[in-house]
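Biologist: Got a minute to walk me through this one? I'd like to go over the fold with you before I do anything else with it.

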Amino acid sequence: MDVPVSQHGAPPGPPGADAALLGFARALRAAGVDASAERVHAFLRAVDELRAGMRADVYWAGRLTLCGGRDDLERYERVFAAYFSSAAPAGRTVTVPPPPRLRLVAREGPVPRTAARNEEERPPPAAALASSSEVLRHRDVAGLDSAEREQLRRLLAAFALRGEVRRTARRRPDRRGAVDPHRTVRELLRRGGEPARLRRHTRADRPRRVVLLVDVSGSMAPYADALLRFAHAAARGSRTEVFTVGTRLTRVTRELSHRDPDLAMAALASAVPDWRGGTRLGELLREFLDRWGQRGMARGAVVVVLSDGWERGDPELLGAQMRRLHRLAHRVIWANPRKARPGYAPLAAGMAAALPSVDAFVEGHSLAALERLAAVVRGAGPAPVEGADRA
């Protein structure tokens, strides 16, 4: 009987293996690993040459092809442990020890009983383990059970959120930039006037500040834990600020500075007094702009509002403050978990008042939606507001 062979000369992987591996690559990008299309292609070819059903083969193929530097290794460990396993502790770096590698030897005749026993004891294929994670990426957070929520928390712990890059006035040494006269003269003096190589520099890039305003009111209760853990992963960056909004405005950047997500959530629970209360978005947005935003926190920043837009206060006040915020910020992004529901329209008074001052209106109900949100914050994928009247 002929065995089908892929274009790389290896037997094809199990059904759905490519989709699971591509989902793993997307999770790595969300964690900050620069898994480019070329690296992902090399990863798929490496797994194709090895054994897609073996956890160790997938681990080493991804580590050798998808990681570009030392900083990527820790992120890779966290994402791999969360994506391909359901027993790894959250918030800890897990090293996956590969099982002993066995040489493949062609055999003829009946398979020995010991080999059959080893085949039965072999762990589930990596693609089968990953398929649940790939399905989980698109599930609505509000409908997850306790086990799925725990797996989601491990995946969120590996997230990374960086603002859109901007050019700064500072310059850094560069091989192909403009001539740096000061460094060139210093090099000439150091050589006693002898000819020296021209020193060059270029403008340095710096990510913009990211400000997250997370709604913790009663209507957002099914999504609050996931969104706050997303904010915790984002707060690991030095230029990220996090506030909770409900009936009060609370700055929780310090509470979310704990490396352990559970410790951060415990500190946040004691610091936020208005869990599952009402929503006063207009008043609290005005308070944020008066105390922090106008003084510089929102100037040139990427401001992300994570809320369903159900406003108990005056919608006109919210609209006025959103216009004020839009004049200060570089971009205003609104993530609404209810946007993904069939037939949704931004008809709530608060959402309708805020939408004209929003640059990107995205979903926020699932892990995949949060990955897309992270891409929009980085400026990697435009998500214009549909139906908004932007003058």
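What follows is a chat about the fold, its sheet, some helix pairs and a few single residues.

Biologist: Before we start, what kind of model is this?
Modeller: It's a predicted model.

Biologist: Okay. How many helices and strands are there in the protein?
Modeller: The protein has 14 helices and eight strands.

Biologist: And what share of the residues is buried?
Modeller: Of the 391 residues, 46% are buried. The accessible surface comes to about 20800 Å², and carbon and sulfur atoms account for 51% of that.

Biologist: What about long-range contacts, what share joins residues at least 24 apart?
Modeller: Take the contacts between residues at least 6 apart in sequence: 74% of them join residues at least 24 apart.

Biologist: On to the sheet. What's the strand order?
Modeller: It's an open sheet of six strands, ordered β5-β4-β3-β6-β7-β8, and the pairing is mixed.

Biologist: Which strands stand at the edges?
Modeller: β5 (249–251) and β8 (360–363). Each has a single partner strand, so one side of each has no neighbour in the sheet. From one strand to the next, the twist averages 20°.

Biologist: How do β4 and β5 run, parallel or antiparallel?
Modeller: Antiparallel, with three bridges joining β4 (residues 240–245) to β5. Phe 243 stands opposite Arg 251 in β5.

Biologist: And β6 with β7, parallel or antiparallel?
Modeller: β6 (residues 302–306) pairs with β7 in the parallel sense, over five bridges. One pair to look at is Val 305, whose bridge partner in β7 is Trp 334.

Biologist: How many residues of β7 are buried?
Modeller: Six of the six in β7 (residues 331–336), so the strand is largely enclosed by the rest of the structure.

Biologist: Which of them point which way?
Modeller: Arg 331, Ile 333 and Ala 335 point one way from β7, while Val 332, Trp 334 and Asn 336 point the other way. That's what you'd expect, because side chains in a regular strand alternate between the two faces of the sheet.

Biologist: Switching to helices. How do α7 and α9 pack, at what angle?
Modeller: α7 and α9 (residues 221–234) pack at an angle of about 25°, and their axes are 9 Å apart. That makes α7 roughly parallel to α9. The crossing is right-handed.

Biologist: Which residues in α7 meet α9?
Modeller: Arg 149, Leu 152, Arg 153 and Leu 156. On the α9 side they meet Pro 222, Asp 225, Ala 226, Arg 229, Phe 230 and Ala 233.

Biologist: I also had my eye on Leu 155. Where is that one?
Modeller: Leu 155 is in α7, which covers residues 146–157. Leu 155 is buried, with a relative accessible area of 7%.

Biologist: What is Leu 155 in contact with, leaving aside its neighbours within four places in sequence?
Modeller: With those neighbours left aside, Leu 155 is in contact with Ala 82, Tyr 83, Leu 136 and Leu 367. As for Phe 230, C-alpha to C-alpha it's 9.6 Å from Leu 155, and the two are 75 residues apart in sequence.

Biologist: What about α11 and α12, how do their axes cross?
Modeller: The axes of α11 and α12 (residues 315–328) cross at roughly 30° and come within 8 Å. The two helices are therefore roughly parallel to each other. This crossing is left-handed. Residues making the contact include Leu 285, Phe 288 and Leu 289 of α11 and Leu 318, Met 322 and Leu 328 of α12.

Biologist: And Arg 286, what does that one contact?
Modeller: Leaving aside neighbours within four places in sequence, Arg 286 is in contact with Leu 317, Gln 321 and Arg 324. Arg 286 lies in α11 (residues 281–297) and is partly exposed, at 36% relative accessible area.

Biologist: Last one, the backbone. What's phi of Arg 276?
Modeller: Near 55°, a positive value in a residue other than glycine. Most residues other than glycine have a negative phi. Arg 276 lies in the loop between α10 (261–271) and α11.

Biologist: Is Arg 276 buried or exposed?
Modeller: Exposed, with a relative accessible area of 63%.

Definitions and conventions: Residues are numbered from 1 along each chain as its sequence is written. This is a predicted model: local features need pLDDT of at least 70, side-chain atom pairs count only at pLDDT 80 or more; totals for chains, interfaces and linings use all residues. Side-chain values use heavy atoms; hydrogens and water are left out. Two strands pair if DSSP finds at least two bridges between them. Helices (H or I, at least four residues) and strands (E, at least two) are DSSP runs, numbered from the N terminus. Axes are lines fitted to C-alpha atoms, for helices over the stretch in contact, and angles run from 0 to 180 degrees between N-to-C directions. Buried means under 20% relative accessible area, exposed over 50%, partly exposed in between (1.4 Å probe, protein chains only). Contact means heavy atoms within 4.5 Å. Accessible areas come from the Shrake-Rupley method with a 1.4 Å probe; for residues, only the protein chains shown count as cover. Angles under 35 degrees count as roughly parallel, over 145 as roughly antiparallel, 65 to 115 as roughly perpendicular and the rest as oblique. A crossing is left-handed if the near helix is turned anticlockwise from the far one by less than a right angle, and right-handed if clockwise.
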